[in-house]
Amino acid sequence: MTLSRTSALPDALVRLGIEPENSGAFDGAWTTTHGKRYESINPATGELLAVVNEVSTEDYERIAARTAAAFVEWRQWPAPKRGEVVRQLGDALRRHKEDLGLLVTLEVGKIRSEGLGEVQEMIDMADFAVGLSRQLYGLSMHSERPLHRMYEQWHPLGPVGVITAFNFPVAVWAWNSMIAAVCGDPMLWKPSEHATLCSIAVTKIAQKVLEENGAPPIWNLAVGDRHVVGQPLSADRRFPLISATGSVAMGRSIGKVVADRLGRSLLELGGNNGIVVTAGADLDLALRAVLFAAVGTAGQRCTSTRRLFLHKSIAAEMKQKLIRAYGSVRIGDPSDPSTLMGPLIHEKAVADYRDALVRAQEEGGRILCGGKVLDRPGFFVEPTLVEALPHMPITCEETFAPILYLFEYDDLDEAIELHNSVPQGLSSAIFTLDMRAAEKFLSVAGSDCGIANVNIGTSGAEIGGAFGGEKETGGGREAGSDSWKIYMRRQTCTINYGETLPLAQGVHFDV
Ligand code: NAD
């Protein structure tokens, strides 16, 4: 596709401080660098929104040093005071919600309500983190020794490197930055090359809040690819934790680099999520859930539904319902409120969609509806249903596009076995009115995923729970519950307030 240049930036972007040409290096000032230039493209039109300059190696070094230096001061701020800064960030995001939500739509093609939903997720994370700032609890234990006291406390861990994917260009920053901030950790953000404007807008909003509070520079940004920022950051010993969201291939590469220096990694990688629909399920409920989870975000969520397991008794009816519903999905301009499905992110994603459908048919699959690339500007494809055979290799991979593979099954054990037979383990769901089936799906012999739902689709998690998955999804947990613990170091303390020195386990060592 040929690029056309926009004549003027949309007002919303101007209000967010986006310029036609932007620096991707923030180290207190937006330094002008002259490395690679990223063209931020609107995937719905192919138009150029603005240009962002990649950081240089020297920029990276300065930004990393500044992040590490900020830790020394920030860790001394009482946690509730850190929470107050995050509270103000939440308020700033409320004020910028419309504009930032629109930027998400323009830069990554999410429909308007999902763009706004991402910003709402940031606000929810802020509220959660503010409360958490007064609840970073440790336990106290009973010592086996007389006149001894034992407890554990949680200290800030250190600077955190955060690497994010294109498809949640602002929310995943919030999952990490808000929790890390109340835990006492500054962070350096390496955003996706396909969502650079979002990262600049967020950093500008956050920076203003820090300045107003006289806080050290805890939210830093380095725009660059894996060579200039991703790998150096993963290998950088100043960052005890690397939190990385993206493909399994990315996680494998980063995981090795971080493990080699015995650092901590929090990996949020690809999914291949399935829904089981049993005999007697509420099919209308299931239909609505499958539609949102498989077609929503054009199938570009880590939690998108990619595999559907239908009991033989309801398979024909459900397929008919799905084909009808797929035919009525409004595809088009994601900023139009009536649109349900926007574009894919770029040309390569369209090629991946095409390739997957060719392979699916070669492996024995049959396209029931969809399957075409739309002949219009932007990266639009049709949502697609494919009748699949068990264990077709393509169905074991994550294709980041709106392709749903349909399987039929006879009994629930068989469906669960097939459901669990893929390498990924992020999100899963069962639609059933049978209490035994629901409980079996949630039992130890049921879904092997990090997320398991009943009568709810696989995507659209709330921030209060710990988010993440097993197997090749990487094992990381972010957002709610006790996910904060990975951003802190645990210290076990024992205090002897007696006059003797008894040893544990009854050991004697008297001279
Ligand atoms: P991607 O793996 O191409 O890139 C993600 C980020 O990692 C980018 O910032 C990229 O520059 C960086 N990167 C890639 N390879 C790297 C390397 N070797 N070293 C250092 N950095 C590297 O992913 P994407 O296309 O942006 O996003 C889609 C993928 O992300 C899907 O697989 C999706 O399932 C996954 N994802 C997972 C979650 C989750 O929470 N589990 C959430 C969102 C997206």
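**Exercise 1.** In this predicted model, find how many residues surround the ligand and which are the closest.

*Solution.* Start at the ligand and look outward: 27 residues surround it. The closest are E193, Q231, S247, L269 and E398. Now sort the shell by class: eleven residues are nonpolar, eleven are polar and five are charged.

**Exercise 2.** Work out which atoms of S247, L269 and E268 pair with the ligand.

*Solution.* Begin with S247, where a polar side-chain atom lies 2.6 Å from an oxygen atom of the ligand. Next, turn to E268: an N or O atom in its side chain is 3.4 Å from a ligand oxygen atom. Finish with L269, which uses its backbone: a polar atom there is 2.8 Å from a nitrogen atom of the ligand. As for cover, the ligand on its own has 840 Å² of accessible area, and the protein covers 91% of this.

**Exercise 3.** Locate the ligand's space among the pockets, then trace which elements and domains contribute to the shell.

*Solution.* First, the ligand takes up the space of the largest pocket. Second, the elements giving two or more residues to the shell are α7 (226–235) and α8 (248–260). Third, domain 1 (11–269 + 474–490) and domain 2 (273–463) each supply at least three shell residues.

Technical notes:
Residues are numbered from 1 along each chain as its sequence is written. This is a predicted model: local features need pLDDT of at least 70, side-chain atom pairs count only at pLDDT 80 or more; totals for chains, interfaces and linings use all residues. Side-chain values use heavy atoms; hydrogens and water are left out. A residue is near a molecule or strand if one of its heavy atoms lies within 4 Å of it. A polar contact is a pair of N or O atoms within 3.5 Å; within protein, one must be able to donate a hydrogen and the other to accept it, and residues adjacent in sequence count only if both atoms are side-chain atoms. Accessible areas come from the Shrake-Rupley method with a 1.4 Å probe; for residues, only the protein chains shown count as cover. On a 1 Å grid over the protein atoms alone, a cavity is a set of points where a 1.4 Å probe fits but cannot get out, and a pocket is an open set with protein on both sides within 12 Å along at least five of seven lines; lining residues have an atom within 4 Å of a point. A molecule sits in a cavity or pocket if more than half of its atoms lie within 2 Å of its grid points. Helices (H or I, at least four residues) and strands (E, at least two) are DSSP runs, numbered from the N terminus. Ala, Val, Leu, Ile, Met, Phe, Trp, Tyr, Cys and Pro count as nonpolar, Asp, Glu, Lys and Arg as charged, and the others, Gly among them, as polar. Domain bounds come from an automatic or database domain assignment.
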